[in-house]
Amino acid sequence: KSFQSRPLRVKDVRRMKPAKACEHFNDSFRDPSEFTMMLVGAFDEKRVRPMIEKYLGSIQPLPTPKGRTPRVTPAPFKFPRGVVNKDLRVRMVEPMAQASI
């Protein structure tokens, strides 16, 4: 089961293995040239760009084996056999956005 499919619980954290977490971190952030960044909001590019270049540019890529491909584990999913119509109504906990005219 993936932590992305449900909230993280204390018992989940207790089952985590620090060495495995470090291995995952190192695999995921091995090469900064593979990073994709998206910045959204009101900021001055002339002030932000030097910080990004300083902090991300200082990360030395670890040696990568030739032909390395990302390991992806798909989330469990079954496609429906036909058309599915469902109304889903969930109370909003926090407003995600607000617009006014």
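How many residues apart are Arg15 and Asp12 in helix 1? They sit 3 residues apart, about one turn of the helix. Keep that pair in mind as we walk through this predicted model.

Let's start with the overall layout. The chain has 3 helices and 0 strands, so from the N terminus on, the elements simply read α-α-α. Of the 101 residues, buried ones make up 6%. The accessible surface comes to about 11200 Å², with 59% of it belonging to carbon and sulfur atoms.

Now back to Asp12, which lies in helix 1 (residues 10-15). Asp12 counts as buried because its relative accessible area is 7%, under the 20% cut-off. What does its side chain reach? One partner is the backbone nitrogen of Arg9, at 2.9 Å. The side chains of Asp12 and Arg9 also meet in a salt bridge, at 3.6 Å from N to O. Then there is Arg15, whose salt bridge with Asp12 has its closest N and O atoms 3.3 Å apart. Leaving aside neighbours within four places in sequence, Asp12 is in contact with Arg6 and Pro7.

The two arginines differ from Asp12 in how much they show: Arg9 is partly exposed at 39% relative accessibility, while Arg15 is exposed at 54%. In general, side chains of opposite charge can pair when their charged atoms come close.

The structure holds 4 salt bridges, and another of them is in helix 3. There, Arg49 and Glu53 lie 4 residues apart, again about one turn of the helix. Their side chains meet at 3.9 Å, N to O. Arg49 is partly exposed, with a relative accessible area of 47%, and Glu53 is partly exposed too, at 49%. Back around helix 1, salt bridges that share partners join Arg9, Asp12 and Arg15 into one network.

What about nonpolar side chains? Leu8, Val13 and Met16 make a nonpolar surface patch of about 280 Å². Leu8 belongs to the segment before helix 1, and it counts as exposed because its relative accessibility is 51%, where exposed means over 50%.

Finally, have a look at Leu39, in the loop between helix 2 (18-28) and helix 3 (45-57). Leu39 is partly exposed, with a relative accessible area of 42%. Beyond its neighbours within four places in sequence, Leu39 is in contact with Val48 and Ile52.

Key. Residues numbered from 1 in each chain as written. Predicted model: local features only at pLDDT ≥ 70, side-chain atom pairs only at ≥ 80, totals over all residues. Heavy atoms only, no water. Helix = DSSP H or I, 4+ residues; strand = E, 2+ residues; numbered from the N terminus. Buried < 20%, exposed > 50% of the residue type's maximum accessible area, 1.4 Å probe, protein only. Polar contact = N/O pair within 3.5 Å; in protein donor to acceptor, adjacent residues only side chain to side chain. Contact = heavy atoms within 4.5 Å. Patch = residues over 30% accessible without salt bridge, like charges linked within 9 Å, V, L, I, M, F, W, Y side chains within 5 Å. Areas by Shrake-Rupley, 256 points an atom, 1.4 Å probe, with all protein chains shown as cover.
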